[in-house]
Amino acid sequence: MIQRINTVAVVVKDKKKAVEWYRDKLGFAVRVNSGDHWVEVCPPGAETGIHLCEATGNFEPDKTGICFTVDDVRGEREGLGRRGVQFTKEPWQYSPGLWLAQFQDLDGNIFVIQHSTE
């Protein structure tokens, strides 16, 4: 069962400038920095973050996306699949302890389910 919204993806042209804007103008903190494609920022104390990602053509080429936290990515993928949800990326381990799977809605909007084993 989907538990909460973890992040909302926002595609940006320049990740570095976007981080500076969210940090310096809105007072957001950097919660996670992948070092390459994306950075997660959020207001102090917030549960839901904003996943700032550069449009590189490999990921989020022109859409925003929402990431949901679940207990078990594989189990949730199976349950959603039985209900007709079309997955565009099967469950994979993004980093140690972090599992993701990606699906889209009828309009091509990207959604991710994730769970952390740490």
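How many bridges join β5 to strand β8, and in which sense do the two strands run? In this predicted model, five bridges link β5 to β8 (residues 110-116), and the two strands run parallel. Within this pairing, Ile 66 has Phe 111 of β8 as its bridge partner. On the subject of β5, a second pairing is found with strand β1 (residues 4-12), this time antiparallel and again described by five bridges. Here the bridge partner of Thr 7 is Cys 67 in β5. Strand β5 itself covers residues 65-69, and four of its five residues are buried, so the strand is largely enclosed by the rest of the structure.

These pairings belong to a wider arrangement. Eight strands make up an open sheet, and reading across it gives the order β2-β3-β4-β1-β5-β8-β7-β6, with mixed pairing. The edges are taken by β2 and β6; each has a single partner strand, so one side of each is left without a neighbour in the sheet. From one strand to the next, the twist averages 25°.

It helps to walk through the sheet, beginning at the β2 edge. Strands β2 and β3 run antiparallel and are joined by four bridges, and Asn 33 has Val 39 in β3 as its bridge partner. The two strands form a hairpin with four residues between them, and Gly 35 in the turn has a positive phi of about 85°. The next pair, β3 and β4, is likewise described by four bridges and an antiparallel run. In this pair Trp 38 stands opposite Cys 53 in β4. Six residues lie between the strands of the β3 and β4 hairpin, where Gly 45 takes a positive phi near 80°.

Strand β3 deserves a closer look. In a regular strand, side chains alternate between the two faces of the sheet. In β3, Trp 38, Glu 40 and Cys 42 point one way, while Val 39 and Val 41 point the other way. The strand is mostly covered, with five of its five residues buried.

Next to β3 in the sheet order is β4, which spans residues 49-54 and contains Leu 52. Is Leu 52 buried or exposed? Its relative accessible area is 0%, so Leu 52 counts as buried. Beyond its neighbours within four places in sequence, Leu 52 is in contact with several residues, including Trp 38, Val 39 and Val 41. Other contacts of Leu 52 include Val 10 and Val 12, along with Lys 15, Ala 18, Val 19 and Tyr 22. By contrast with these contacts, the C-alpha atoms of Leu 52 and Leu 98 are separated by 18 Å, the two residues being 46 apart along the chain. Helix α1 (residues 15-26) lies across β1, β2, β3 and β4, and its direction is at about 155° to that of β4. A second helix, α2 (residues 73-82), also packs on the sheet, where it touches β6, β7 and β8; the directions of α2 and β6 make an angle of about 175°.

Towards the β6 edge, β7 and β8 pair in the antiparallel sense over seven bridges. One of the residue pairs here is Ala 101 with its bridge partner Ile 113 in β8. Strand β7 also holds Gln 102. The relative accessible area of Gln 102 is 13%, and because the cut-off for a buried residue is under 20%, Gln 102 is classed as buried. Leaving aside neighbours within four places in sequence, the contacts of Gln 102 include Phe 87, Thr 88, Lys 89 and Trp 92. Ile 110, Phe 111 and Val 112 are also in contact with Gln 102.

Finally, what lines the largest pocket? The space in this pocket is about 520 Å³, and its lining has 25 residues. Those nearest its centre are Trp 38, His 51, Cys 67, Leu 100 and Gln 114. Several strands already met above contribute: β1, β2, β3, β5, β6, β7 and β8 each supply at least two residues of the lining. The largest share, four residues, comes from β6. Sorted by class, the lining has twelve nonpolar, eight polar and five charged residues.

Notes: Residues numbered from 1 in each chain as written. Predicted model: local features only at pLDDT ≥ 70, side-chain atom pairs only at ≥ 80, totals over all residues. Heavy atoms only, no water. Buried < 20%, exposed > 50% of the residue type's maximum accessible area, 1.4 Å probe, protein only. Pairing = 2+ DSSP bridges. 1 Å grid on protein atoms, 1.4 Å probe; cavity = no way out; pocket = protein on both sides within 12 Å on 5 of 7 lines; lining within 4 Å. Points joined across faces, edges and corners; volume = space filled by probe spheres on them. Nonpolar A, V, L, I, M, F, W, Y, C, P; charged D, E, K, R; others polar. Contact = heavy atoms within 4.5 Å. Axes fitted to C-alpha atoms, helices over the stretch in contact; angles between N-to-C directions.
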